[in-house]
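Colleague: Please take me through one part of this model in detail. I would like a close look at a single helix, its end and what it packs against.

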Amino acid sequence: MNAIRLTTPKEKVQQLREKLGHAAKTSKSRRFHALYDKVCRTDVLWEAWRCVRANKGAAGVDGETLADIEKKGESLFVEEVRERLLQKRYRPQPERRHYIPKKDGRKRPLGIPTIQDRVVQMALKLVMEPIFEADFQDCSYGFRPKRSAKQALERIRKACNRKGNWVVDVDIQGYFDNINQEKLMKLVEMRISDRRVLKLIRQWLGAGVMEEGKVRRSDLGTPQGGVISLLLANIYLNYFDRLWGEAR
């Protein structure tokens, strides 16, 4: 029987993610030390670019749009990003601050990274996500692959049918803005020991936001609006999920 040949970046990245996920599930104590080279792989960066392009979105502080990149040449853009990573010349830029109206009349702050930063964050997310997915609790449904709020509601419905008689509704005010970065990094380091990857994450956490021409930085919070922020938030929240499960 002939082996199936993987031809597209999406297929190759999926195989990589499956291998990483399997390795993480096989050993819950394993720390991964060779991930940066995978982030720099051409197929990973191409898949990251495809995902970012599909999600659309506005330009960051540099003003570069998706249309600008397509006009310049997608291959050239991906190769430039790869060279910056390989030559350690990549430096994230501050996120552009944008506000989204909420139902109660208030506004939710959102950061818009540059497209280059979104692509690099997506590349790391593609590599990191399957590792931490092996650790996340089964009760967690928010912002996870192949999981949704609808599935969470269905689980609650089934629990109620089994004569469950209470529900806890918790809203963590300003969650993304108040995550302790040092504690977050310690949780990341429980699975990742690659210093180059850890440096990337620290750079994003410290890049800050630009509002009215001024850059504001903080030692609290994750880059809300950044591609990597939801995964980082789940890594932080997973510790609480574990404690909650043990206390029940």
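Modeller: Lys56 takes a positive phi of about 60°, just after helix H3. This is a predicted model, where local features need pLDDT of at least 70, side-chain atom pairs count only at pLDDT 80 or more, and totals for chains, interfaces and linings use all residues. Residues are numbered from 1 along each chain as its sequence is written, and side-chain values use heavy atoms, with hydrogens and water left out.

H3 itself covers residues 42–55, 14 residues in total. Helices here are DSSP runs of H or I with at least four residues, numbered from the N terminus. From first C-alpha to last, H3 reaches 20 Å. That is close to the 20 Å expected at 1.5 Å a residue, the expected span being 1.5 Å times one less than the number of residues.

Now the buried side. Buried means under 20% relative accessible area, with a 1.4 Å probe and protein chains only. In H3 the buried residues are Asp43, Val44, Leu45, Glu47, Ala48, Trp49, Cys51 and Val52. They pack against helices H1 (9–26), H2 (36–39), H4 (66–72), H5 (74–86) and H6 (115–133). Contact means heavy atoms within 4.5 Å.

H6 leads on to the core. A nonpolar core is a set of buried Ala, Val, Leu, Ile, Met, Phe, Trp, Tyr and Cys residues joined through side-chain atoms within 4.5 Å. The largest one has 56 residues. Met128, Val188, Ile201 and Ile235 have the most contacts inside it. H6 gives this core its largest share, 11 residues. Ile201 touches Leu124, Met128, Met185, Val188 and Leu232, leaving aside residues up to four places away in sequence.

Note on methods. Helix = DSSP H or I, 4+ residues; strand = E, 2+ residues; numbered from the N terminus. Buried < 20%, exposed > 50% of the residue type's maximum accessible area, 1.4 Å probe, protein only.
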